[in-house]
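Biologist: I should like to go through the charged pairs of this model and ask what supports each assignment. Please show the structure before we begin.

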Amino acid sequence: MYNKLKTMAHGRWSIISLLGILTVSSCSTEKKETVKADVSFKKNHLWKDFYSEGVTVGDVNRDGKMDIMAGARWFDAPDWRAHDIWIHGEFDYTQGYSDSFLNYTMDINEDGWVDLIVFDFPGDEVYWFENPKKDTLWQRYLIDSTAYNESPMLEDIDGNGKKDLVFSDKQGGYIAWYSTVVQDNQVTWKENLISKTGIECPGMIEHGMGWGDINSDGVKDVMVRGGWWEAPKDMQSYTWEFHSSSLGEPCAQMVTYDYDGDGDNDVLSSSAHDYGVWWYEQSFDNNGESYFTRRTIDSTFSEAHSMVLTDVNNDGIMDFITGKRYFAHQGRGPGGMETPFLYWFELLKDTEQKPTWVRHQIDDDSGVGIQFVVEDMNKDGKIDIIISNKKGVFYFEQE
């Protein structure tokens, strides 16, 4: 069992005055207002049709500029001319979903050109598309036919400089990470089990997944709502030790960060299909056993189906961005017909050095998808936001 005697560390944030500042409390669920900030974004609506709820970025044509990929299309920077990756169908978001839920990019076949990874409907296929190095349709290859969890990840699990996929298998009842093996220009994917097979764990198959160092041993672990798998020093080990824990309700991406400055990582998450954005404070009992306490950050908007931890305002403190996934379940879920806001939450400390957040509105007619990206697209030292959802494809350029 993982245990640790709790040590206190001083936070690196200075005490702020709460006078005149509207804050989103870490423990209150009362209605909150939105604060204006010096940070602003220019909204670019690149495509208005719905065909992808995932998006990614990369230099597709190797011209030194970051392009945008959203499902069946990529957009050529800086003028954002659209190019087809495959010929997509027509999708009615009031009736159903598209064939592109999450998108990631990496040079899969190690030829020096970025390729595209696309997760279809949860439980269905995940593919990779080979960059053709010219303006034509891309070749599709199957990675897995039963890829599950609505927050699968692309991370460098084994620290070898190459990113790996992490997702669960509903039929087999397990979670694994998948690494590429490239030989003679051919790509295969090696499955590396994290959990035992044939298990049931809240969140493993459905909503919520994250990667972060829970036990402060310098190696990042894999977490779902029902607990976390402790990463071994030898990443080829089978299986990882599981620690049961209560990390909330069906959620979007799960993010670790030491929000209260006490020397251990806490967990941030948001409700995928209900109201709520939370942080889970990690604490330790008298025996040094870890447990988590839920603190509410915001409960005024629903279906925050994706989030990204990032330093929005370049103050050295990690904020986060989230918003409403428009028509997540065709408008039938809690708050399903409400305004698709996009927000960033600024992390501050109150007079007792407790974390508190200030909510800033970015937009009120976009929201988020199932996954989105932050990236300094124009290399001006400021993060930008790239989103694809049922309202189309957006590039929010920080001014």
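**Salt bridges in the predicted model**

Modeller: In this predicted model, lysine 43 and aspartate 363 form a salt bridge, with their closest N and O atoms 3.1 Å apart. Lysine 43 belongs to strand β1 (residues 41-47) and aspartate 363 to strand β25 (residues 355-363), so the pair ties together parts that are 320 residues apart in sequence.

Biologist: Why is the contact between lysine 43 and aspartate 363 called a salt bridge?

Modeller: The N and O atoms are 3.1 Å apart, and the cut-off is within 4 Å between a side-chain nitrogen of Lys or Arg and a carboxyl oxygen of Asp or Glu; therefore the pair qualifies.

Biologist: What makes aspartate 363 buried?

Modeller: Its relative accessible area is 10%; buried means under 20%, so aspartate 363 meets the criterion.

Biologist: Is lysine 43 buried, partly exposed or exposed?

Modeller: Lysine 43 has a relative accessible area of 34%. That value lies between the limits of 20% and 50%, so lysine 43 is called partly exposed.

Biologist: How do you know that lysine 324 and glutamate 303 form a salt bridge?

Modeller: Their N to O distance is 2.7 Å, which is within 4 Å, so the assignment holds. Lysine 324 and glutamate 303 are both buried.

Biologist: What makes lysine 391 and aspartate 365 a salt bridge?

Modeller: The N to O distance of 2.9 Å is within 4 Å, so this pair also counts. Lysine 391 is in the loop between β27 (384-389) and β28 (392-398), and aspartate 365 in the loop between β25 and β26 (373-375).

Biologist: How many salt bridges does the rule give?

Modeller: The count is 12 salt bridges.

Conventions: Residues numbered from 1 in each chain as written. Predicted model: local features only at pLDDT ≥ 70, side-chain atom pairs only at ≥ 80, totals over all residues. Heavy atoms only, no water. Helix = DSSP H or I, 4+ residues; strand = E, 2+ residues; numbered from the N terminus. Buried < 20%, exposed > 50% of the residue type's maximum accessible area, 1.4 Å probe, protein only.
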